[in-house]
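I opened my notebook to look up how some helices pack against each other. Here is what I was looking at.

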Amino acid sequence: MTATLDASGPAPADPTPPERPSAVTPKHLAAAGATRRARDSRLKIWVGSVCALVVILPVAFARVLPLQNPDATDLGSRRLPPLTDGHLFGTDQLGRDLLARILYGGQVSLLVGVLAVLVSGVIGLVLGSMAGYFGGWVDTVVSRLLEAQLSLPLLMMLLLVVALFGPSIPVITFVIAIAQWPEIARLTRSLVLVEREKPYIAASRVLGLGKTAILARHIVPNVIKQTSLVVLLLLAQAVLLESALSYLGAGPQRPFATWGRIISDGQDYITTSWWLVTLPGLVIVLLVIGVNLLGDGLRDRPAGSGLRALLGRVALSGKKA
């Protein structure tokens with residue numbers, strides 16, 4: 001029995017050392033700065049999405065909702081308060097349903113805002129990437145255009161162009177796009193200046209790719225995510241600019257009902273019929289706050305918090321189980 005034990009030798013030692021308890025507790029992780037930023041980012045995304053969708057969805061489906069004709073007047077039902085005779089938001093000074101006018105008017109305001117940010121995004125992305133990558137005279141020309149654009153009073157320039165070419169929807173869309181492209185171009189230029197100095201760009205040059213191919217196939221896809229967040233934030237500014245122009249009488253003319261014109265038409269009755277100005281203004285405020293919170297949340301979202309990372313963590317936990 002003793003010989004058998006001696007021949008077998010001592011038992012092999014366990015190669016894995018015992019786990020030591022970590023000094024970092026879940027309470028410490030919850031109080032960490034990265035955790036707070038991630039939590040705040042999620043909160044902003046959720047609140048911003050809810051606020052924006054509360055406005056965007058009814059506006060988008062206004063034509064299929066059981067609404068009254070926004071242009072049908074009823075002088076016997078003028079300036080009815082909200083929740084009266086089937087009018088959720090009341091009626092205006094001509095007896096028209098205010099909710100229907102706000103939703104139908106929002107279609108024009110959102111259409112102008114979305115088209116304006118798309119056009120400004122394309123212009124700013126193209127000019128900013130060209131200025132940042134090619135440099136030289138291209139950078140000089142684009143930079144001088146940026147400085148000239150930013151030196152002009154924004155609202156005065158918009159009013160001047162609208163007065164020269166007329167207050168049509170294409171003109172207003174193009175004017176707002178021209179007013180917003182410098183912000184996108186400046187950000188894109190700075191991002192491209194950083195991106196072009198990275199090693200993979202030098203490797204692409206060694207492989208024989210031309211400047212245009214490197215810019216279009218490698219640099220632009222890497223900077224378009226940050227640029228798209230700025231475009232999202234500019235959507236709120238575009239809606240505000242369109243509402244300001246409509247309020248001043250330089251927006252899309254009748255029969256289009258825009259948020260700015262609804263507020264302008266109701267300002268004479270603000271002391272007796274507060275809902276004519278307050279409710280359209282609250283809709284604009286809710287949309288602007290929602291878009292800004294959503295953009296800020298997406299910008300501050302930490303890396304590795306997207307859908308792909310979530311699926312990866314789920315798969316890893318399934319393997320461990």
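Before reading any angles, I wrote down the cut-off I need: helix axes at over 145 degrees count as roughly antiparallel. I also noted that this is a predicted model.

Entry one, H6 and H7. I looked up helix H6 (residues 154-165) against helix H7 (residues 169-195) and found that their axes come within 10 Å and cross at roughly 150°. H6 and H7 are therefore roughly antiparallel to each other. The crossing of H6 past H7 is right-handed. Next I asked which residues make the contact. From H6 they are Leu154, Met157, Leu158, Val161, Val162 and Phe165, and H7 brings Val171, Ile172, Val175, Ile176 and Ala179. Sorting the residues of this contact by class, I got eleven nonpolar, no polar and no charged.

Entry two, H4 on its own. I checked the length of helix H4 (residues 98-134): at 1.5 Å a residue, its 37 residues should span 54 Å, and the end C-alpha atoms are 53 Å apart, which agrees. Then I looked at both ends. At the start of H4, the backbone nitrogen of Leu99 has a side-chain oxygen of Asp97 within 3.5 Å. Just after H4 comes Gly135, with a positive phi of about 65°.

Entry three, H4 and H7. How far apart are the axes of H4 and H7, and at what angle do these helices pack? I found 5 Å between the axes and an angle of about 35°. This crossing is right-handed. For the classes in the contact of H4 with H7, I noted 21 nonpolar, nine polar and one charged residues.

How values were computed:
Residues are numbered from 1 along each chain as its sequence is written. This is a predicted model: local features need pLDDT of at least 70, side-chain atom pairs count only at pLDDT 80 or more; totals for chains, interfaces and linings use all residues. Side-chain values use heavy atoms; hydrogens and water are left out. Axes are lines fitted to C-alpha atoms, for helices over the stretch in contact, and angles run from 0 to 180 degrees between N-to-C directions. Helices (H or I, at least four residues) and strands (E, at least two) are DSSP runs, numbered from the N terminus. Angles under 35 degrees count as roughly parallel, over 145 as roughly antiparallel, 65 to 115 as roughly perpendicular and the rest as oblique. A crossing is left-handed if the near helix is turned anticlockwise from the far one by less than a right angle, and right-handed if clockwise. Contact means heavy atoms within 4.5 Å. Ala, Val, Leu, Ile, Met, Phe, Trp, Tyr, Cys and Pro count as nonpolar, Asp, Glu, Lys and Arg as charged, and the others, Gly among them, as polar. The expected span of a helix is 1.5 Å times one less than its number of residues. A polar contact is a pair of N or O atoms within 3.5 Å; within protein, one must be able to donate a hydrogen and the other to accept it, and residues adjacent in sequence count only if both atoms are side-chain atoms.
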